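The following note reviews aromatic contacts, cysteines and a surface patch. The points are numbered for ease of reply.

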Amino acid sequence: MNSLKLYNNIGKKVIYFKPNLAKIKQKECQNGYKMDEKIVKFIKSQHILTLGVNGENGAYLCSCFYAFIEPNLIIVAFGDESYHAKVVQNDNRVFINIALQTKILGKIQGLQASAIISKSQALEHKDAYISRFTYARLMRLNIYTIRLKWLKFTDNTLGFGKKIELNLD
């Protein structure tokens with residue numbers, strides 16, 4: 001079973017615990033790990049992520065629309081000629097950030113994650129993306145899947161600086 005780690009940036013007090021799965025609604029990943037429902041709800045509530053890749057000339061960031069397939073698969077689309085598409089052919093390790101845009105401190109939520117990206121020809125993945133962004137039906141799509149490996153979810157609605165960290169690998 002995976003363990004959750006909650007910590008507060010200010011107090012630096014770290015609390016490790018193994019969740020009681022009967023009390024926490026979670027989705028099971030392919031490797032048997034669980035995804036917290038709060039994280040799933042947050043990912044589904046947003047639609048743009050920042051994708052980070054590491055090329056020969058250093059880090060590169062781009063913004064992508066995305067769809068989410070539970071429990072831990074993110075679907076993005078971009079052109080094969082884009083810089084990030086070329087970089088992930090050589091290094092499939094990527095990093096993502098999804099953040100709620102708010103100035104209200106108590107509502108801040110965000111996700112940072114490391115993942116593995118791969119090109120997909122699966123109709124299920126294309127359909128998931130098109131169902132979220134219907135205009136994409138008119139485009140020639142190059143679909144990529146991002147399988148989350150590690151994530152840290154910041155959720156100030158649980159208390160200032162509260163974080164949930166999951167190792168899904």
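1. The model under review is predicted. In it, F65, Y129, F133 and Y135 form one aromatic cluster. One of its members, Y135, is placed in the loop between α3 (123–132) and β10 (143–155). With a relative accessible area of 39%, Y135 is partly exposed.

2. Two members of that cluster, F65 and Y135, also belong to a nonpolar surface patch. The patch is completed by I48, L138 and M139, and together the five residues have about 530 Å² of accessible area.

3. Across the whole structure, a search returns 7 aromatic pairs. One aromatic pair consists of F42 and F153, with 5.3 Å from centre to centre and 45° between the planes, an arrangement classed as tilted. F42 belongs to helix α1 (residues 37–45) and F153 to strand β10, so this pair ties together parts that are 111 residues apart in sequence. Both F42 and F153 are buried.

4. An aromatic pair is also formed by Y60 and Y83, whose ring centres are 4.9 Å apart. Their planes meet at 65°, and the pair is therefore edge-to-face, since the cut-off for that class is over 60 degrees. Y60 lies in strand β6 (residues 58–69) and Y83 in helix α2 (residues 83–90), so the contact links parts separated by 23 residues in sequence. Y60 counts as partly exposed at 32% relative accessibility, and Y83 likewise counts as partly exposed, at 33%.

5. A charged side chain is also found over a ring. R132 lies over the face of Y66, at 5.7 Å from the ring centre.

6. How many disulfides does a search of the whole structure find? The search finds 0. A disulfide is a covalent bond between the sulfur atoms of two cysteines. For C62, the closest cysteine sulfur is that of C64, at 3.9 Å, which is too far for a bond. The cut-off that applies here is 2.5 Å between the sulfur atoms. Viewed from C64, the closest cysteine sulfur is in C62, again at 3.9 Å.

7. Are C62 and C64 buried or exposed? C62 counts as buried because its relative accessibility is 11%, and the limit for that class is under 20%. C64 is buried as well, with a relative accessible area of 5%.

Methods: Residues are numbered from 1 along each chain as its sequence is written. This is a predicted model: local features need pLDDT of at least 70, side-chain atom pairs count only at pLDDT 80 or more; totals for chains, interfaces and linings use all residues. Side-chain values use heavy atoms; hydrogens and water are left out. Patches are made of residues with over 30% relative accessible area and no salt bridge: like charges are joined within 9 Å, nonpolar side chains (Val, Leu, Ile, Met, Phe, Trp, Tyr) within 5 Å. Accessible areas come from the Shrake-Rupley method with a 1.4 Å probe; for residues, only the protein chains shown count as cover. A salt bridge is a side-chain nitrogen of Lys or Arg within 4 Å of a carboxyl oxygen of Asp or Glu. Helices (H or I, at least four residues) and strands (E, at least two) are DSSP runs, numbered from the N terminus. Buried means under 20% relative accessible area, exposed over 50%, partly exposed in between (1.4 Å probe, protein chains only). Rings of Phe, Tyr and Trp (its six-membered ring) pair if their centres lie within 6.5 Å; planes under 30 degrees apart count as stacked, over 60 as edge-to-face and the rest as tilted. A charge sits over a ring if NZ of Lys or CZ of Arg is within 6 Å of the ring centre and within 35 degrees of the ring normal.
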